[in-house]
Amino acid sequence: MITLSQYRASAGRVQVPCHRSRPRVRTLPRPFVSGDTAPRKPLLGVQATREHAELESSTGLVQQRTDEQTLELKNEGSTEKEKQEIAFIDDDGNRIPVMAADYGFRSGSGRLYQDGYGSVPSSATALALGNFKKEFMELRKSVRFNEYKELSSTMDPNPLSKAALVVGSALQSTLTKADSWLEGRGVLGKVEQDTARASLTPKERKVLEKLQALRLDDRRVIAREHKREKEGRGVKAPWLIKGSYVFLCWVLDILYANRPIQRFWVLETVARMPYFAYISMLHLYESLGWWRAGAELRRIHFAEEWNELHHLQIMETLGGDHLWIDRFFAEHAAVFYYWVIILMFFASPSAAYVFSELVENHAVDTYSEFLEENKEVLQGIPPPLVAVTYYKSGDLYLFDALHTEWESGSIRRPECNNLYDVFVNIRDDELEHVATMKACAENTIKPKMDGPKGLEEAKDQVTKLGTSNVNNKEAQEVI
């Protein structure tokens, strides 16, 4: 059996001395604006006005040009588009080239740290109608131009996969004929095939080819999981919880064989739901007056959900949500999973945490195997912008808040120089979730919360001000 600290040491993780004062509110960096914000369009540039130059150079965003683009251009390629390269500047002044294209379905206002992100939404009716129109058109495109043919080349040759392929092909052919018939009679509008990926530069296309060549051996993941259990690092769970977990893994193995990025995107979409459910239930208990001691726990769960959101958007940038069928499956599974966790938490919070511990352990094993199988390829791909911004920019209070097992006075500051570093960071984040879920399931999380320590620090600051007046304005601001 190995301890958490031994695992961290083996993963090459470093603890950095920390002198943390009262937590600050994390301010987001200036938004990045895609050169073309339409779905599936490459991220061609980062637009900003000249007046932002001083702020951006101080907060670690991108290198500054003398015109209106905050880009550093490198003379590579024959066209202006091929010459553009986005570079991130961290707090130490180090320049990190980032991925120039966003290969996902969503970009622009659908991606963190880009223009339009964080604005107030419109009504639910308007949002639902707009999303239905968009996704219905994408569904038509997926069947008319047979986006599913790429799935057949990755599926394992087992009887179940073959049967699913036969049924899927027949369904796709039927829907194509029906759509063409309705379009020909003017019931539905004309469908045109997307050409966004055809407009990629050779350099961007090469990165996409590398991403599509990434592989994951499910059998080796299972072997890794069995090895962990034999070493005494398994999770003891009731048969109902364990059975549900095994079924979930089996479904993912069937549907996402040899498609690791899409698999990870589905996992991260679903992985956010438990933390949202825990926050919902704790808030409900507080509102009903049943339980008022969960505020610090809600803060930790929010930090975990914020972390999973970044994992999700990293996978989207890599093209994990490109196919309509993957989006349909992941988003509906997430809503279903949310209510399952709600009911599970209502019956037994410990059981809900145990289930999450099982899933997060599986994520650690999966990412570890993926890193081992694809190390050389991943090291040759630059990191996505959303990943570098999350791990390297400004006030990392929310990032620090998800770490409940680190020694007092130490923090984690990971590298993020290439896609391999990004996946190492994600794997290590999942390990932190495992530790937190285990502590919650065993009801040992209380001593690991920062809340009481933060309060003591605030009180110490009041004492140092040397005031005996309770109404002292400066003292009250510290509290």
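Is Trp291 buried, partly exposed or exposed, and what is its relative accessible area? I looked this up in a predicted model. Trp291 is partly exposed, and its relative accessible area is 46%. I found Trp291 in the loop between α10 and α11.

**Entry: the surface around Trp291**

I next looked for a patch that contains this residue. Trp291 belongs to a nonpolar surface patch of about 590 Å², made together with Leu284, Leu288, Trp290 and Phe346.

I then turned to Tyr285, which lies in helix α10. Its relative accessible area is 12%, and Tyr285 is therefore buried, the cut-off being under 20%. Leaving out residues up to four places away in sequence, Tyr285 touches Trp290, Trp291, Phe345 and Phe346. Trp290, Trp291 and Phe346 I had already noted as members of the patch.

**Entry: the cores**

Which residues have the most contacts inside the largest nonpolar core? I noted Phe264, Leu318 and Phe423, in a core of 55 residues. Several helices each supply at least two residues of this core: α7, α10 (260-288), α11 (295-317), α13 (349-379), α14 (385-392), α15 (397-401) and α16 (419-441).

I followed Phe264 further. Not counting residues up to four places away in sequence, Phe264 touches Leu216, Met315, Thr366, Tyr367, Phe370 and Phe423. Phe423 is thus a contact of Phe264 and also one of the residues listed for the most contacts in the core.

I also noted a second, separate core, which has 34 residues. Tyr275, Tyr337, Phe355 and Ile445 are among them.

**Entry: Ser356**

I checked a serine in helix α13, Ser356. Is Ser356 buried or exposed? Ser356 counts as buried because its relative accessibility is 3%, where the cut-off is under 20%. I listed its contacts without the neighbours within four places in sequence: Pro274, Tyr278 and Met437.

**Entry: the two faces of α7**

I went back to α7, one of the helices that supply the largest core. This helix covers residues 202-212, and I noted Glu204, Val207, Leu208 and Leu211 as buried in it. Why do they sit on the same side of α7? They cover an arc of only 100 degrees around the axis, and so they share that side. I then looked at the face turned away from the buried side of α7, and found that it carries the exposed residues Pro202 and Lys206.

Methods
Residues numbered from 1 in each chain as written. Predicted model: local features only at pLDDT ≥ 70, side-chain atom pairs only at ≥ 80, totals over all residues. Heavy atoms only, no water. Buried < 20%, exposed > 50% of the residue type's maximum accessible area, 1.4 Å probe, protein only. Helix = DSSP H or I, 4+ residues; strand = E, 2+ residues; numbered from the N terminus. Arc of directions from axis to C-beta. Core = buried A, V, L, I, M, F, W, Y, C linked by side-chain atoms within 4.5 Å. Contact = heavy atoms within 4.5 Å. Patch = residues over 30% accessible without salt bridge, like charges linked within 9 Å, V, L, I, M, F, W, Y side chains within 5 Å. Areas by Shrake-Rupley, 256 points an atom, 1.4 Å probe, with all protein chains shown as cover. Salt bridge = Lys/Arg side-chain N within 4 Å of Asp/Glu carboxyl O.
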